[in-house]
Amino acid sequence: MTVQASHLVSQTLENTAPLRPVVLSTWRHGLAANAEAWKILSSGGRALDAVEQGVRICESDPNNLSVGYGGLPDREGNVTLDACIMDETGDCGSVAFLQHIEHPVSVARRVMEATPHVMLVGEGALKFAVVNGFKKKDLLTNKAKKEWEKWQADHPDAIKDRQVNIENHDTIGLVAIDNKGNMSGACTTSGMAWKLNGRVGDSPIIGAGLYVDNEIGAASATGVGEAVIRAVGSFLVVELMRQGHSPQNACRLATERVIRKNPGWQKLQVGFIALDKMGRVGGYSIQPGFDYAVYDHAGRNRMVQAKSRL
Ligand code: SD4
């Protein structure tokens with residue numbers, strides 16, 4: 001079932017007791033991720049475990065062309081993954097431009113828990129993953145390869161011209177609050193399809209693709225990463241909630257900031273989701289068509305159509 005954002009928000013605003021647990025994630029693939037996260041939260045588990053296990057479902061799904069295994073490659077045919085995770089203490093881990101590993105979110109968690117660093121990239125991230133027991137795997141499925149070949153045929157001069165597309169991007173960002181009131185988030189993607197080799201988007205960048213502040217709330221972004229990075233989008237959403245804005249209004253105001261910082265915004269899609277400490281949710285995007293999945297405290301997992309600027 002899809003419901004209107006305004007309905008959900010007015011419903012939750014009337015409630016003053018914290019609503020939890022709650023899981024919130026981007027796009028329709030979020031329903032399955034939420035359901036996995038809910039298994040952990042409904043048995044009293046920690047939000048950090050829930051967000052990791054939730055997004056792993058999308059990372060393993062070969063039919064999901066924008067996350068993990070089966071993700072669409074860069075223009076040279078390489079599947080390169082970006083992911084991050086952040087917990088209730090403000091600790092965080094991230095990997096970018098990682099190849100051959102099905103679950104970048106779990107590598108990000110390992111970076112957070114087993115190193116003094118926040119972010120590992122490329123070959124170094126892969127080496128770290130393998131040393132830590134992650135198995136290498138060919139992530140380019142036949143389906144994704146066929147799409148890539150079709151794109152090449154349609155864009156014969158793309159590599160030479162360094163044309164950059166903005167299509168095909170459906171990252172999963174997932175944020176949650178557990179029974180104890182602790183919040184965490186995870187974000188994972190194969191990034192923009194047909195990107196230049198070496199390109200990193202917003203998704204693994206703490207503050208851009210994801211931000212969690214356990215005193216206030218959590219947010220995640222989807223869409224054209226370059227535009228999100230310029231506005232440090234997810235951090236901005238959380239800071240707007242700190243100033244007293246509802247999650248819905250914070251997402252709208254952050255989208256307006258993205259618009260102000262990106263002159264070509266009419267052609268971009270950027271969307272935000274947000275969850276606050278009270279368990280209230282919100283979402284907003286530039287273009288119509290963005291939806292998000294909410295597993296609410298009452299145990300309903302459903303899609304919400306985000307309001308949009310255009
Ligand atoms: C990126 N933000 O790599 C990601 C793509 C995305 O929904 O979100 N898609 O720019």
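This report describes salt bridges in a predicted model.

Residues are numbered from 1 along each chain as its sequence is written, and side-chain values use heavy atoms, with hydrogens and water left out. Because the model is predicted, local features need pLDDT of at least 70 and side-chain atom pairs count only at pLDDT 80 or more, whereas totals for chains, interfaces and linings use all residues.

The structure contains 17 salt bridges, a salt bridge being a side-chain nitrogen of Lys or Arg within 4 Å of a carboxyl oxygen of Asp or Glu. The table lists examples, including their N to O distances.

| Acidic residue | Basic residue | N to O distance |
|---|---|---|
| Glutamate 88 | Arginine 46 | 3.3 Å |
| Aspartate 213 | Arginine 242 | 2.6 Å |
| Aspartate 296 | Arginine 302 | 3.3 Å |

Helices (H or I, at least four residues) and strands (E, at least two) are DSSP runs, numbered from the N terminus. Glutamate 88 lies in the loop between strand E3 (81-86) and strand E4 (92-98), and arginine 46 in the loop between helix H2 (30-41) and helix H3 (47-60), so their salt bridge ties together parts that are 42 residues apart in sequence. Glutamate 88 is buried at 19% relative accessibility, while arginine 46 is partly exposed at 30%; buried means under 20% relative accessible area, exposed over 50%, and partly exposed in between (1.4 Å probe, protein chains only).

Aspartate 213 and arginine 242 form a salt bridge that links distant parts of the chain, 29 residues apart: strand E8 (residues 210-213) holds aspartate 213 and helix H9 (residues 233-242) holds arginine 242. Aspartate 213 is buried at 15% relative accessibility, and arginine 242 is partly exposed at 36%.

Arginine 302 and aspartate 296 are both buried. Elsewhere, salt bridges with shared partners join Asp49, Glu52, Arg109 and Glu113 into one network.
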